[in-house]
Amino acid sequence: MARADAHALSLDQGFRMMLYLLGPNETSFARDEDVPEYVEKATPFFMMLMLSELLIGWAKTGSLVIRINDGITSLSAGVMSRLSNLFARGLELSCYVYVWNNYRLVELPWDSPWTWWLTFLGVDLGYYWLHRLSHEVNILWAAHQVHHSSEDYNLSTALRQSVTQQLSSWLFYLPMALAVPPSVFAVHIQFNLLYQFWIHTELVGNLGPLEWIINTPSHHRVHHGRNPYCIDKNYGGTLIIWDRIFGTFSPESDKVIYGLTHPINTFEILSVQFSYYVYLWERFWSSPSTTDKLSVIFKGPGWEPGKPRLGCHSDLPEVTGEEAPHNPEWPLALQVYVTLHFFLLLGVYDDIFAMKAMLSPAFLLLMTGYIMSTLTALGFIIEKRPGAAVLEMLRCVLFLLFHKSGYVRHLIPMLSVPTEVFIALSALYWAARSFARRGKGKRKQR
Ligand SMILES: [Zn+2]
Ligand SMILES: [Zn+2]
């Protein structure tokens, strides 16, 4: 059960990894099995950088730059999007290895810096097109809109990832599998994703000449905007040159208003992840002709009959700058409760990933169910849904069972009894409050 790791990262390497500053000499491997799971190793760096953003933001503005409800929803989406990696390697790498094994035309040397740099460019170009089509094709947008559903813009927004995005993203990297070894691809597909973390912040202004070449916070703020000048702009991952070449670049000008043009107004994680598919399903069946049905799926999210493929910007809701983000009121006690339980869950999540090789698929499936029910319950509490108390009680009981099983080690024994008591009492407290509120509601109705 030791967590011994041949590829442990130093603090310095970790921060350089987050900025794509690890070079070929440190990150070239003969076999794809040897490539470290950099994204899983990044969790402490995500946390450190988000904490720094909170502190610097607080010092600068006097307020919290990450709202608890929005931040936890974003982190929950990030956790959910990684759960499939418990069972198999990512779809992107699996499909890539299949094509490499069966159809490769040449074999570029895995230990050449030329291969490393070529792959850096190839992955970034593949990302540009996958990202662009994720905005221009409605069925792909159904997955990608998750990332744009926050009305805030901070480091936590970077982690608001879609569960279903990887069902399509693998396709865009396959041409590289004809020549580039999977071990080189496996490094860059992770670094490309990790690089995009730090650019999700309002605390970094214009970076001068760097803005010409690399993707920066300023460029990516535009990408997350719903102002007309921001729509369908700045798709780049690490480099902004692709947007300049293919005509989708826009510099930052007016104050950016973040989020979807039609905000989803919820922090319930299943709605965040899947509600657009329901909307798409309804639009599909209510479209009269086969051509219209196909257009609903394959044209842009803004398309309507008689309109161009990507719709008209003039049809979008006006942006006044006065937009108030979705922010349901909830008492401080619940904010503390949800935050604490979310961080307990992160501990469990971290443990499961550290031990996944030693756990049976059935147990992993059970833990996935536990994580999903916890994230759903926390979202229900934030939105004050009627079923929140019952769901919360159920998943707390599940937690105690798992904890007793001895597999979940993160909560060190010294803390286990107080943790259990805390969980049981807080669940009871919440249930009692909820029932009392329901009782009051009934009395009022009479
Ligand atoms: Zn996007
Ligand atoms: Zn983003």
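This passage describes the zinc site, the annotated membrane spans, two unusual backbone positions and the internal cavities of a predicted model.

In the predicted model, the zinc ion (ligand 1) is held by five protein donors, namely the NE2 atoms of His 131, His 135, His 144, His 148 and His 223, at distances of 2.1 to 2.2 Å. Along the sequence these donor residues follow the spacing H-x3-H-x8-H-x3-H-x74-H. Because His 148 belongs to helix α7 (residues 138–148) and His 223 to helix α12 (residues 217–223), this pair ties together parts of the chain that are 75 residues apart in sequence. His 148 and His 223 are both buried. A further zinc ion (ligand 2) lies 5.8 Å from the zinc ion (ligand 1).

According to an unreviewed UniProt entry, the annotation "transmembrane region" applies to residues 170–191, 330–349, 361–382 and 411–432. Two of these annotated spans may be set side by side. Residues 361–382 are 100% helix and 0% strand, with 32 Å between their end C-alpha atoms, whereas residues 170–191 are 45% helix and 0% strand, with end C-alpha atoms 16 Å apart.

Most residues other than glycine have a negative phi. Against this background, Asp 232 has a positive phi of about 60 degrees; Asp 232 is located in the loop between α12 and α13 (241–246) and is partly exposed, with a relative accessible area of 21%. Lys 384 likewise has a positive phi, near 55 degrees, and is found in the loop between α17 (361–382) and α18 (388–405), where its relative accessible area of 41% makes it partly exposed.

The structure contains 2 cavities of 30 Å³ or more. The largest has a volume of about 60 Å³, and its lining comprises Arg 67, Asp 70, Ser 149, Glu 151, Arg 160, Ile 264, Asn 265, Thr 266, Phe 267 and His 326. By class, these lining residues are 2 nonpolar, 4 polar and 4 charged.

The second largest cavity encloses about 40 Å³ and is lined by Ile 72, Thr 73, Ser 76, Phe 267, Ile 269, Leu 375, Leu 378, Gly 379 and Ile 382. Its lining has 6 nonpolar and 3 polar residues, with no charged residues. Helices α4 (68–82) and α17 each supply at least two residues of this lining, and α17 gives the most, with 4 residues. Because domain 1 (11–246) and domain 2 (332–445) both give residues to the lining, the second largest cavity lies between these domains.

Conventions:
Residues are numbered from 1 along each chain as its sequence is written. Chains are lettered from A and ligands numbered from 1 in the order in which they are written. This is a predicted model: local features need pLDDT of at least 70, side-chain atom pairs count only at pLDDT 80 or more; totals for chains, interfaces and linings use all residues. Side-chain values use heavy atoms; hydrogens and water are left out. Donors are N, O and S atoms within 2.8 Å of the metal (3.2 Å for Na, K and Ca); water is not among the atoms, so sites may look incomplete. Buried means under 20% relative accessible area, exposed over 50%, partly exposed in between (1.4 Å probe, protein chains only). UniProt positions are given in the numbering used here, feature names are shortened, and annotations may be inferred rather than shown by experiment. On a 1 Å grid over the protein atoms alone, a cavity is a set of points where a 1.4 Å probe fits but cannot get out, and a pocket is an open set with protein on both sides within 12 Å along at least five of seven lines; lining residues have an atom within 4 Å of a point. Grid points are joined across faces, edges and corners, and a volume is the space filled by probe spheres set on the points. Ala, Val, Leu, Ile, Met, Phe, Trp, Tyr, Cys and Pro count as nonpolar, Asp, Glu, Lys and Arg as charged, and the others, Gly among them, as polar. Domain bounds come from an automatic or database domain assignment.
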